[in-house]
Amino acid sequence: GGGSAAEEGRGGQEGSGGAYPSAAELLEGALLRVAMEEGLPLALKVGAVRGANPALQAGGDGVEVSRLDWLRTLCAGYPSVKFLVTVLSAVNQHELCVLARKFGNLHVYGCWWFCNNPSIIETTTRMRLEMLGTAFTCQHSDARVLDQLVYKWAHSREAVTPVLAAQYRKLLEAGWPLSEADVERDVGLLFGGAYEEFLAK
């Protein structure tokens, strides 16, 4: 519709007038302004549905396919702001990669929550490598329970390893020389280095 980018991305919640600001008001009235003034990146996690099944209480959250046209508008409208974005629905992963190819101020990161399954990590990482090279962060440590970090990193490495191996095999078959230093560089980029380069540019 004719609303702002933030309004398009807030999941259909109604606007102002209540005790708390809407997502659109918070984003445009505070977060984007602070990000521009202080030169800070803005991290967005898209696609969660809070309380999808209220009977399950804290465990009742779900996932939805999100419209990402509002993100395109944000990236174009705020070129000085760096956006770090991860999406929860596997359906949105391809569009997010396309947006990251078009906007230098957008960095794709992580496989979180319902995407934090080895099969989804492997599929998503393969697509991101094919579309973005190593200019993304394949996983991040957003665990709310500290113990989750141990298994999350272990199974993420196991899921990413065959994806990288397949890419390197293609390079070798094409006659591209591959060194241990190349592998170390790529792994470093995928697990934090690309993020640091993105913030530094």
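The legends below describe close-up views of a predicted model.

**Figure 1. Overview of the chain and its order of helices and strands.** The model is predicted, and its chain contains 7 helices and 5 strands. From the start of the sequence to its end, these elements follow the pattern α-α-β-β-β-α-β-α-β-α-α-α. The chain has 201 residues, of which 38% count as buried. Counting contacts between residues at least 6 apart in sequence, 66% join residues at least 24 apart.

**Figure 2. The open sheet built from β1, β4 and β5.** This sheet has 3 strands in the order β1-β4-β5, with parallel pairing. β1 (42–46) and β5 are the edge strands; each has a single partner strand, so one side of each lacks a neighbour in the sheet. On average, neighbouring strands are turned by 25° against each other, direction ignored. Helix α3, residues 69–77, packs on the sheet and touches β1, β4 and β5. The direction of α3 makes about 170° with that of β1. In general, the strands of a sheet pair through backbone hydrogen bonds, in a parallel or an antiparallel way.

**Figure 3. Strand β4 and its buried residues.** Of the 5 residues of β4, 5 are buried, so the strand is largely enclosed by the rest of the structure. F83, V85 and V87 point one way from β4, while L84 and T86 point the other way. The residues on both sides are buried. Side chains in a regular strand alternate between the two faces of the sheet. On the β5 side, β4 (residues 83–87) is joined to β5 by 3 bridges, and the two strands run parallel. Within this pairing, L84 stands opposite H107 of β5.

**Figure 4. The pairing of β1 with β4.** β1 and β4 are paired in the parallel sense over 5 bridges. A43 has L84 of β4 as its bridge partner. For V46, the bridge partner in β4 is V87. The two faces of β1 are unlike in their cover: L42, L44 and V46 make up a covered face, and A43 and K45 an uncovered one.

**Figure 5. Surroundings of G104, in the loop between α4 and β5.** G104 lies in the loop that runs from α4 (93–102) to β5 (106–108). Is this residue buried, exposed or partly exposed? Its relative accessibility is 48%, and partly exposed covers values between 20% and 50%, so G104 counts as partly exposed. Leaving out neighbours within four places in sequence, G104 is in contact with F198 and K201. F83 is 21 residues away from G104 in sequence, and their C-alpha atoms are 9.4 Å apart in space.

**Figure 6. Packing of helix α4 against helix α5.** Two packed helices are described by the angle between their axes and the distance between the axes. The axes of α4 and α5 (residues 118–132) come within 10 Å and cross at roughly 25°. Angles under 35 degrees count as roughly parallel, so α4 is roughly parallel to α5. Their crossing is right-handed. From α4, the residues Q93, H94, C97, V98, A100 and R101 take part; they meet T124, M127, R128, M131 and L132 of α5. By type, the residues of this contact divide into 6 nonpolar, 3 polar and 2 charged.

**Figure 7. Packing of helix α6 against helix α7.** Helix α6 spans residues 148–173 and helix α7 spans residues 180–200. Their axes come within 12 Å and cross at roughly 135°. With this angle, α6 counts as oblique to α7. α6 passes α7 in a right-handed crossing. Which residues of α6 meet α7? They are W153, R157, V160, L164 and Y168, and their counterparts in α7 are D182, V183, D186, V187, L190 and F191. The residues of this contact include 8 nonpolar and 3 charged, with no polar ones.

Conventions: Residues are numbered from 1 along each chain as its sequence is written. This is a predicted model: local features need pLDDT of at least 70, side-chain atom pairs count only at pLDDT 80 or more; totals for chains, interfaces and linings use all residues. Side-chain values use heavy atoms; hydrogens and water are left out. Helices (H or I, at least four residues) and strands (E, at least two) are DSSP runs, numbered from the N terminus. Buried means under 20% relative accessible area, exposed over 50%, partly exposed in between (1.4 Å probe, protein chains only). Contact means heavy atoms within 4.5 Å. Axes are lines fitted to C-alpha atoms, for helices over the stretch in contact, and angles run from 0 to 180 degrees between N-to-C directions. Angles under 35 degrees count as roughly parallel, over 145 as roughly antiparallel, 65 to 115 as roughly perpendicular and the rest as oblique. A crossing is left-handed if the near helix is turned anticlockwise from the far one by less than a right angle, and right-handed if clockwise. Ala, Val, Leu, Ile, Met, Phe, Trp, Tyr, Cys and Pro count as nonpolar, Asp, Glu, Lys and Arg as charged, and the others, Gly among them, as polar. Two strands pair if DSSP finds at least two bridges between them.
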